[in-house]
Amino acid sequence: NPETVSTDYDTSDRLYFEPLTAEDTIALIKKEQERGELLGVIVQYGGQTPLNLARPLTDAGIPILGTPVEAIELAEDRQQFHDLVKRLELQQPAGTTAAKREEVFAAADQIGYPLVTRPSFVLGGRAMEIIRDEPSLARYLEESKVYYSEHAPLLLDQYLDNAIECDVDAICDGDDVFIAGIMEHIEEAGVHSGDSACSLPPYSLSQDVIDELKRQTKALALALGVRGLMNVQFAIKDGDVFLIEVNPRASRTAPFVAKATGVPVAKIGARVMAGEKLASFDLKEDTIPHTAVKEVVFPFSRFPGVDTVLGPEMRSTGEVMGIDDGFDESRAKSLIAAGVKVPLEGRVFISVKDQDKEAITETAKDLIDLGYSLIATGGTQKWLADQGVPVERVNKVLEGQPNIVDEMINGSVDMIFNTTETAQSIADSRSIRITALQRRIPCITTVNGARAAVRAIEALRRGGLEVRPLQAYNR
């Protein structure tokens, strides 16, 4: 990955600028073998691309350090992994594959709506979408132009509405498993994990759920035969834990976990891959005396016409971190670090999809208690008013002027909570988010993100935020 040159040119003994194809990589390794015996190659620190190289390297007689290629393939083969999950008696959202158009609709009826669709072999969640009914599925197949066949079927999975998503990073040496970090996403399941802010430790999960996440992670690591790092993604729905996927490699969360806990996750993982046992590191779980919140950074300001709504496709280009004693203060710091100017007073516009109206009610009441005034479009305004929340109605753009975009241009809106889902509603509300981007108005597009923003506002109003040092690991 050429981007890493900016940080490791003075660490590496040699740097190669070559495509990460099997042919080029094998040629590079043979060049290295001229210098002496090759003890092995690490494939766990470069995302999906080096994992895809594991089989060609193994077939070429090149040893893989850490998790063997058979375990990597077990985690990535849908049917084999499903059989493993069933054997371990874990829960997964219902899912299947389809290679033809008629199979897609039959599979959707079998799973039930809503569901998540995605093509095979995609990176960053490209062309993934949440589908709520058959007409939406027909539109998706027509408009997205996704390719699917027997060799690359379309993947369809049950979508868990209003579920909490979690990432768990772990290190396994074949006998023991160390849980390096459990991160609770702030955005609900359905937003790509690379675009979701998260908290370490979890800020709302019960101890029973946390213990279950640990149990399932350890069982999976040992059953798969992981040697080194592993990342597991879970969804919690009504207290039940559902397994989303397992990555037998370091995830993008590993650097955040290392900084938040002070444990050099990548270094320990590499030493475990080379044969060292976890027992030699004297590691302790759940010992950090603070909360760390990761916030993602988006490139939207460089692309003025782009829509900022979040979904299954990854769009972020970086991340920052806030650290303090509690979640609220850490969340406030993470927003500041990401360049989000959260208003401490003013007027907030709320427009949310039907599934979010009940969840947004308490957040709206909290804003009123904090002294904000609220405006909303018809459906949201009626709902909030019926719940006893004082809120002024404003026209949608399609309802004529003056409308919400006019209010934003006039400087009468200080923050926006806008959640949407269907293609039509996303298109109808696009001008709101684009105007917010142009006017630098904070625009939050998930209900959980809105709730966390209000908590951050309360922390900012209390004041007293101070710089906190990162915790150091002494080994």
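1. Starting with the cysteines: a search of the whole structure turns up zero disulfides. Take Cys166, which is in no disulfide: the nearest cysteine sulfur belongs to Cys198 and sits 9.5 Å away. A disulfide would need the two sulfurs within 2.5 Å. Cys166 counts as buried, at 0% relative accessibility, while Cys443 is partly exposed, with a relative accessible area of 24%.

2. Keep in mind that this is a predicted model. Mean pLDDT for the protein is 87, and 90% of the residues reach 70 or more. Among the elements, helix 1 (residues 5–8) has the lowest mean pLDDT, 57, and helix 8 has the highest, 96. I'd read the next points with those values in mind.

3. On to the packing. The largest nonpolar core has 28 residues, and Leu213, Leu224, Leu243 and Val246 are the ones with the most contacts inside it. Several elements each supply at least two residues of this core, among them helix 4 (69–76), helix 5 (78–87), strand 5 (164–172) and strand 9 (240–247). Helix 8 gives the largest share, six residues. There is also a second, separate core of 26 residues, which includes Ile350, Val352, Val391 and Ile444.

4. Which residues does Leu213 touch? Leaving out residues up to four places away in sequence, its contacts are Cys166, Val168, Ile182, Leu205, Phe234, Ile236 and Val241. So the buried Cys166 from the opening point turns up again here, as a contact of Leu213.

5. Helix 8 (207–224) deserves its own look. Its buried residues are Val209, Ile210, Leu213, Lys214, Gln216, Thr217, Leu220, Ala221 and Leu224. What covers them includes helix 4, helix 5, strand 5, strand 6, strand 8 and strand 9. The geometry checks out: at 1.5 Å a residue, the 18 residues should span 26 Å, and the end C-alpha atoms are indeed 26 Å apart. Just after the helix, Gly225 takes a positive phi of about 85°.

6. Now the charges. Side chains of opposite charge can pair when their charged atoms come close. The structure holds 22 salt bridges. One of them joins the side chains of Lys214 and Glu285, at 3.9 Å from N to O. Lys214 is in helix 8 and Glu285 is in the loop between helix 10 (265–273) and strand 10 (291–297), so the pair ties together parts that are 71 residues apart in sequence. The cut-off for a salt bridge is 4 Å, so the 3.9 Å of this pair falls within it.

7. Are the two partners in that bridge buried or partly exposed? Lys214 is buried, at 11% relative accessible area, whereas Glu285 is partly exposed, at 26%.

8. Two other bridges to look at. Arg271 and Glu276 meet through their side chains at 2.9 Å, N to O. Arg271 counts as partly exposed, at 31% relative accessibility, and Glu276 also counts as partly exposed, at 25%. The side chains of Glu407 and Arg347 meet at 2.9 Å, N to O. This pair links distant parts of the chain, with Glu407 in helix 14 (residues 404–409) and Arg347 in strand 12 (residues 347–351), 60 residues apart. Both Glu407 and Arg347 are buried.

9. One last item on charges: Arg55, Asp59 and Glu73 are joined into one network by salt bridges that share partners.

Note on methods:
Residues are numbered from 1 along each chain as its sequence is written. This is a predicted model: local features need pLDDT of at least 70, side-chain atom pairs count only at pLDDT 80 or more; totals for chains, interfaces and linings use all residues. Side-chain values use heavy atoms; hydrogens and water are left out. A nonpolar core is a set of buried Ala, Val, Leu, Ile, Met, Phe, Trp, Tyr and Cys residues joined through side-chain atoms within 4.5 Å. Buried means under 20% relative accessible area, exposed over 50%, partly exposed in between (1.4 Å probe, protein chains only). Helices (H or I, at least four residues) and strands (E, at least two) are DSSP runs, numbered from the N terminus. Contact means heavy atoms within 4.5 Å. pLDDT is the predictor's confidence in each residue, from 0 to 100. The expected span of a helix is 1.5 Å times one less than its number of residues.
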